[in-house]
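Good morning, and thank you for coming. I would like to take you through one model, site by site. Please keep the sequence and the structure in view as I speak.

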Amino acid sequence: MASGVLNVLLAFVFLISATTVLSTSLRYDYYANGCPAALPTIKRVVEDAVQKERRMGGSILRLHFHDCFVNGCDASILLDESTPSSKRNAGPNVRSVRGFEVIDQIKKEVDKVCGRSVVSCADILAVAARDSVVALGGPWWQVPLGRRDSTRAYLDIANNDIPRPNMDLPQLINSFNKQGLNVKDLVALSGGHALGFAQCFVFRNRVYNESNIDPKFADQLKNICPRTAGNGDTNLAGLDSTPVCFDVSYFANLLNHKGLLHSDQALFGGVSTDQLVKNYKYNPKLFWADFAKSMVKMGNIKPLTGKQGEIRSICSKLN
Ligand code: HEM
Ligand SMILES: *[C@@H]1O[C@H](CO)[C@@H](O)[C@H](O)[C@H]1NC(C)=O
């Protein structure tokens with residue numbers, strides 16, 4: 001009896017996950033025959049890197065986000081300055097995105113266990129982002145696979161399509177809509193700021209000039225971030241009160257007007273997303289489930305598949 005119910009339940013879960021994946025051409029088992037050791041290898045290298053430097057988990061998660069928002073998840077973010085229009089030089093990326101060496105390292109080790117270059121850098125980013133979240137205490141989800149890598153970089157699109165920290169809610173909603181992501185995705189994915197750090201120059205104006213900020217919190221940040229531009233610009237503050245722990249502090253902080261970025265606090269305080277923020281603060285399981293769902297959705301943005309693009313041999317260089 002119990003096992004009958006279980007079977008029906010399993011069939012149901014299978015059906016739901018199957019439809020989720022069939023809506024794109026990506027598949028969970030893409031490397032099951034070609035290189036079953038690929039995923040465990042990615043996980044191992046991510047865990048080593050995060051153990052060496054806890055911040056790296058957030059940095060890798062952000063790389064995947066910036067990749068997907070610029071013409072789809074095609075690893076174009078990884079191309080270094082030797083590629084024309086490298087997006088490493090785009091405003092939101094330059095002297096800010098990090099973790100490239102870890103991705104190059106993963107690719108090297110994955111190719112070694114596979115015996116050849118079969119796993120794309122775009123898939124490595126998607127899986128490494130998931131493994132980073134898990135390594136810092138967050139949810140696990142199954143990552144659809146089969147992306148291929150771009151054969152060029154897109155500097156202009158990077159400058160236009162990556163949301164900026166001075167944006168207000170309507171602009172943030174627009175930016176996500178443009179990627180096929182809705183308001184709930186915006187709030188859930190902004191919870192990626194459960195991890196990581198920001199530099200003084202991106203939160204200076206908020207700390208010294210804005211009024212919807214807790215005064216004590218602002219004073220603490222003033223100690224880290226001097227008022228005058230050019231002073232302490234790269235000094236770091238956590239994006240939430242627990243920056244190497246994937247929890248709901250980010251949302252709790254927003255309720256207390258302790259969002260670090262203007263774009264964070266834009267999600268709470270007399271706006272239409274207040275209830276979503278509250279839901280996640282009071283229901284961590286709901287946040288985990290929605291974050292995982294929205295990560296899959298973001299990971300499905302315009303992938304190159306089939307014979308499109310290439311499988312790069314070195315993630316930071318075109319073949
Ligand atoms: C909603 C619009 C978003 C804006 C405006 C935004 C903006 C920023 C900014 C300005 C920083 C600090 C960069 C620096 O100081 O060098 C940052 C860091 C970060 N962002 Fe976002 N972000 C957004 C959404 C996301 C999403 C969707 C994710 C992932 C799901 C994400 C993950 C991260 C992480 C993990 C860091 C810390 C990186 C590190 O410590 O190396 N962000 N973001
Ligand atoms: C505060 O706002 C003023 C007016 O927009 C601006 O000139 C000034 O640089 C801002 N101060 C900081 C610390 O960002």
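Does Pro-163 count as buried or exposed? Please bear in mind that this is a predicted model. Pro-163 counts as buried, because its relative accessibility is 16% and the cut-off for that class is under 20%. Along the chain, Pro-163 sits in the loop between α6, residues 155-161, and α7, residues 169-177. If we set aside residues up to four places away in sequence, Pro-163 touches Phe-65, Phe-69, Leu-172, Ser-175 and Phe-176. In the UniProt record, an unreviewed entry, Pro-163 is covered by the annotation "binding site".

That annotation leads to the next region. The unreviewed UniProt entry also applies "binding site" to Asp-67, Val-70, Gly-72, Asp-74 and Ser-76. I shall discuss two of these in detail, Asp-74 and Ser-76.

Asp-74 lies in the loop between α3, residues 56-68, and α4, residues 100-114. Ser-76 is placed in the loop between α3 and α4 as well. Asp-74 counts as buried, because its relative accessibility is 2%. For Ser-76 the relative accessible area is 0%, so this residue is buried too. The side chains of Asp-74 and Ser-76 make a polar contact at 2.7 Å.

What surrounds Asp-74, leaving aside its neighbours within four places in sequence? Asp-74 is in contact with Asp-67, Ala-122, Arg-148, Asp-149, Ser-150, Tyr-154, Leu-304 and Arg-312. With the equivalent neighbours left aside, Ser-76 is in contact with Asp-67, Val-70, Lys-87, Ser-150, Arg-152, Ala-153, Tyr-154 and Arg-312. You will find Asp-67, Ser-150, Tyr-154 and Arg-312 among the contacts of both residues.

Let me turn to the ligands. Which protein residue donates to the iron atom of ligand 1? The single donor from the protein is His-193, through NE2, at 2.1 Å. His-193 is located in the loop that runs between α8, residues 183-190, and β1, residues 197-199.

Ligand 2 is surrounded by Arg-204, Asn-205, Tyr-208, Asn-209 and Arg-227. A polar side-chain atom of Asn-209 lies 2.2 Å from an oxygen atom of ligand 2. For Asn-205, an N or O atom of the side chain is 3.4 Å from an oxygen atom of the ligand. Taken alone, ligand 2 exposes 360 Å², of which the protein buries 39%.

Helix α9 deserves a word here. This helix spans residues 200-209, and its buried residues are Cys-200, Phe-203, Arg-204, Arg-206, Val-207 and Tyr-208. Against which elements do the buried residues of α9 pack? They pack against β1, α10, residues 215-224, β2, and α12, residues 262-265. Arg-204 and Tyr-208 are buried residues of α9, and both are among the residues around ligand 2.

My last residue is Phe-246, found in the loop between β2, residues 236-238, and α11, residues 249-255. Phe-246 is buried, because its relative accessible area is 2%. Not counting residues up to four places away in sequence, Phe-246 touches Val-133, Leu-136, Gly-137, Gly-138, Pro-139, Gly-191, Ala-194, Leu-195, Phe-287, Trp-288 and Phe-291. How far is Phe-246 from Ser-316 in space, C-alpha to C-alpha? The distance is 28 Å, and the two are 70 residues apart in sequence.

Thank you for your attention.

Definitions and conventions:
Residues are numbered from 1 along each chain as its sequence is written. Chains are lettered from A and ligands numbered from 1 in the order in which they are written. This is a predicted model: local features need pLDDT of at least 70, side-chain atom pairs count only at pLDDT 80 or more; totals for chains, interfaces and linings use all residues. Side-chain values use heavy atoms; hydrogens and water are left out. Donors are N, O and S atoms within 2.8 Å of the metal (3.2 Å for Na, K and Ca); water is not among the atoms, so sites may look incomplete. Helices (H or I, at least four residues) and strands (E, at least two) are DSSP runs, numbered from the N terminus. UniProt positions are given in the numbering used here, feature names are shortened, and annotations may be inferred rather than shown by experiment. Buried means under 20% relative accessible area, exposed over 50%, partly exposed in between (1.4 Å probe, protein chains only). Contact means heavy atoms within 4.5 Å. A residue is near a molecule or strand if one of its heavy atoms lies within 4 Å of it. A polar contact is a pair of N or O atoms within 3.5 Å; within protein, one must be able to donate a hydrogen and the other to accept it, and residues adjacent in sequence count only if both atoms are side-chain atoms. Accessible areas come from the Shrake-Rupley method with a 1.4 Å probe; for residues, only the protein chains shown count as cover.
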